[in-house]
Amino acid sequence: MSSRSLGNIIADSLQLSVGYAERLLRDVPADQAARFARVGGVAVESNHPAFIYGHLSLYAPKVLWQLSAPAPPIPVYFDNLFSKDATCRDEPDLYPPLQEITAFFFEGHRMLAGALRSTPNDTFDKPNPAGGKMAERFPTLGSVQTFYCGGHIMMHLGQMSAWRRMMGLGNA
């Protein structure tokens with residue numbers, strides 16, 4: 001039995017997540033992508049597609065930089081709108097069009113999958129440069145990249161799945 005590199009293992013999970021991210025966008029009306037779902041006429045304050053994909057789009061370039069791989073430049077306004085400290089708002093005029101957000105999301109994640117597959121195993125043994133609680137939870141590049149390319153992305157895609165169902169779009 002041949003062994004597989006850690007980069008390939010992480011990329012396998014990432015590619016599954018990215019495929020799911022594509023399916024979740026099916027039938028999402030562009031004019032509703034930056035709106036809270038409404039159930040029985042009541043807005044549910046939960047992340048909407050524009051925020052979810054915008055937030056997740058920030059992580060592929062960060063992981064690529066940590067791997068010393070080329071990364072797409074993050075649009076200037078994305079950090080303010082989508083950072084981990086940003087708040088999702090039911091204000092469609094605040095967000096760029098979903099197509100712009102998702103184009104950046106998919107570009108970065110496809111680049112990341114390729115970079116992960118060519119990253120030598122010893123790179124993943126390096127310390128997590130984040131410091132603080134993130135480094136305590138995920139002490140190496142391998143552990144933090146596994147989180148960002150698996151648990152983190154799927155957690156937010158679960159929010160997207162819930163938004164779809166609240167909007168009457170069904171499962172993906």
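This is a guided tour of helix contacts and of the spaces enclosed between them.

The structure on screen is a predicted model, in which local features need pLDDT of at least 70 and side-chain atom pairs count only at pLDDT 80 or more, while totals for chains, interfaces and linings use all residues. Residues are numbered from 1 along each chain as its sequence is written, and side-chain values use heavy atoms, with hydrogens and water left out.

**First stop: H1 and H5**

Select residues 6-24, which form helix H1, and residues 98-117, which form helix H5; helices here are DSSP runs (H or I, at least four residues), numbered from the N terminus. Two packed helices are described by the angle between their axes and the distance between the axes. The axes of H1 and H5 come within 8 Å and cross at roughly 160°, where axes are lines fitted to C-alpha atoms over the stretch in contact, and angles run from 0 to 180 degrees between N-to-C directions. That angle makes H1 roughly antiparallel to H5, since angles over 145 degrees count as roughly antiparallel and those under 35 as roughly parallel, with 65 to 115 as roughly perpendicular and the rest as oblique. H1 passes H5 in a left-handed crossing, a term used if the near helix is turned anticlockwise from the far one by less than a right angle.

Now show the side chains: among the residues in contact (heavy atoms within 4.5 Å) are Ile-10, Leu-14 and Val-18 in H1, and Phe-105, His-109 and Leu-112 in H5. By class, this contact of H1 with H5 has 10 nonpolar, four polar and four charged residues; Ala, Val, Leu, Ile, Met, Phe, Trp, Tyr, Cys and Pro count as nonpolar, Asp, Glu, Lys and Arg as charged, and the others, Gly among them, as polar.

**Second stop: H3 and H5**

Keep H5 selected and add helix H3, residues 59-66. The axes of H3 and H5 come within 8 Å and cross at roughly 30°, and the two helices are therefore roughly parallel to each other. Ala-60, Pro-61, Val-63 and Leu-64 of H3 make the contact with H5 residues that include Phe-104, His-109 and Leu-112. This contact of H3 with H5 has eight nonpolar, two polar and no charged residues.

**Third stop: the largest cavity**

Select Leu-14, Tyr-59, Ala-60, Val-63, His-109, Leu-112, Tyr-148, Cys-149 and Ile-153, which line the largest cavity. On a 1 Å grid over the protein atoms alone, a cavity is a set of points where a 1.4 Å probe fits but cannot get out, whereas a pocket is an open set with protein on both sides within 12 Å along at least five of seven lines, and lining residues have an atom within 4 Å of a point. About 40 Å³ of space lies in this cavity, a volume being the space filled by probe spheres set on the points, which are joined across faces, edges and corners. H3, H5 and H7 each supply at least two residues of the cavity lining, which divides into eight nonpolar, one polar and no charged.

**Last stop: the largest pocket**

About 350 Å³ of space lies in the largest pocket. Of the 16 residues that line this pocket, select the closest to its centre, Tyr-59, Lys-62, Lys-84, Met-134 and Tyr-148. Then colour helix H7, residues 141-166, because H7 gives the largest share of the pocket lining, six residues, where helices are DSSP runs.
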